[in-house]
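The report below goes from the basis for calling a residue buried to the overall fold, the nonpolar core and two residues within that core. Please read it alongside the sequence and the coordinates.

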Amino acid sequence: RGALLILTSAFVPSGTTDTGVVWGSAVYDTGNFWSAGNPSCFLMPSTVSLIQMVGNLLWDTGTTNFRLGKFFKNSAGYAGQAVVTTSAMATIAVAQNWTSPVLSVVSGDFLTLIARTSQINASLNITSAGTWFALHVIA
């Protein structure tokens, strides 16, 4: 069981604030974890107790500063959280991919993929299907 979310339109994160990516559609969603009414997160039902997240950001080219990706659980970090940072590149798109550890969840927990950049108007590349957020249910 699980879900895979993709972008369907451009998304520009804030340059100074952790911003949850607003997803456009689910490629699959076997447990109704995602809703277009709350498009920036997965919401955990009572039937799930262990999950793992995988994310990929493909950033447009840029000339300065950094690109950052991480996951939040209930709007905060957690034990074992990975934070991926990369410098911008002027001639090539920057890709970031990371996986969470297996996490315990309870009903009502929400999971978000966070994107941040210090370059104003840097957007996530959506033409190559390289930006996505996946949820794997373990138990």
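## Basis for burial

A residue is called buried when its relative accessible area is under 20%, and exposed when that area is over 50%, with partly exposed residues in between. The model discussed here is predicted, and with that cut-off, Leu-135 is buried because its relative accessible area is 0%. Across the protein, buried residues make up 44% of the 139 residues.

## Overall fold and dimensions

The secondary structure consists of eleven strands and zero helices, so that, read along the sequence, the pattern is β-β-β-β-β-β-β-β-β-β-β. For 139 residues, a compact globule would be expected to have a radius of gyration near 14 Å, and the value for the protein, 14 Å, agrees with this. The C-alpha trace spans about 45 × 30 × 20 Å along its principal axes.

Of the contacts between residues at least 6 apart in sequence, 73% join residues that are at least 24 apart.

## Surface and charge

The protein exposes about 6300 Å², of which carbon and sulfur atoms supply 55%. Its side chains include 5 positive and 4 negative ones, and the centres of these two sets lie 6 Å apart.

## The largest nonpolar core

The largest nonpolar core comprises 28 residues, and those with the most contacts inside it are Phe-42, Met-44, Ile-51 and Met-53. Two or more residues of this core come from each of strand E1 (2-6), strand E5 (50-59), strand E8 (94-99), strand E10 (110-117) and strand E11 (132-137). The most is given by E5, which supplies four residues.

## Met-44 and Leu-135

When residues up to four places away in sequence are not counted, Met-44 touches Phe-33, Ile-51, Val-105, Val-106, Ser-107, Gly-108, Asp-109, Leu-111 and Leu-135.

Leu-135 has its place in strand E11. Which residues is Leu-135 in contact with, leaving aside its neighbours within four places in sequence? They are Arg-1, Gly-2, Ala-3, Phe-33, Phe-42, Met-44, Ile-51, Gln-52, Met-53 and Leu-111. For one of these contacts, that with Met-53, the two residues are 82 apart in sequence, while their C-alpha atoms are 4.8 Å apart in space. The contacts of Leu-135 thus include Phe-42, Met-44, Ile-51 and Met-53, which are the residues with the most contacts inside the largest nonpolar core.

Note on methods: Residues are numbered from 1 along each chain as its sequence is written. This is a predicted model: local features need pLDDT of at least 70, side-chain atom pairs count only at pLDDT 80 or more; totals for chains, interfaces and linings use all residues. Side-chain values use heavy atoms; hydrogens and water are left out. The radius of gyration is taken over C-alpha atoms; the globule rule is 2.2 Å times the number of residues to the power 0.38. Buried means under 20% relative accessible area, exposed over 50%, partly exposed in between (1.4 Å probe, protein chains only). Contact means heavy atoms within 4.5 Å. Accessible areas come from the Shrake-Rupley method with a 1.4 Å probe; for residues, only the protein chains shown count as cover. Lys and Arg count as positive and Asp and Glu as negative; His and the chain ends are not counted. The place of a charge is taken as NZ of Lys, CZ of Arg, CG of Asp or CD of Glu. A nonpolar core is a set of buried Ala, Val, Leu, Ile, Met, Phe, Trp, Tyr and Cys residues joined through side-chain atoms within 4.5 Å.
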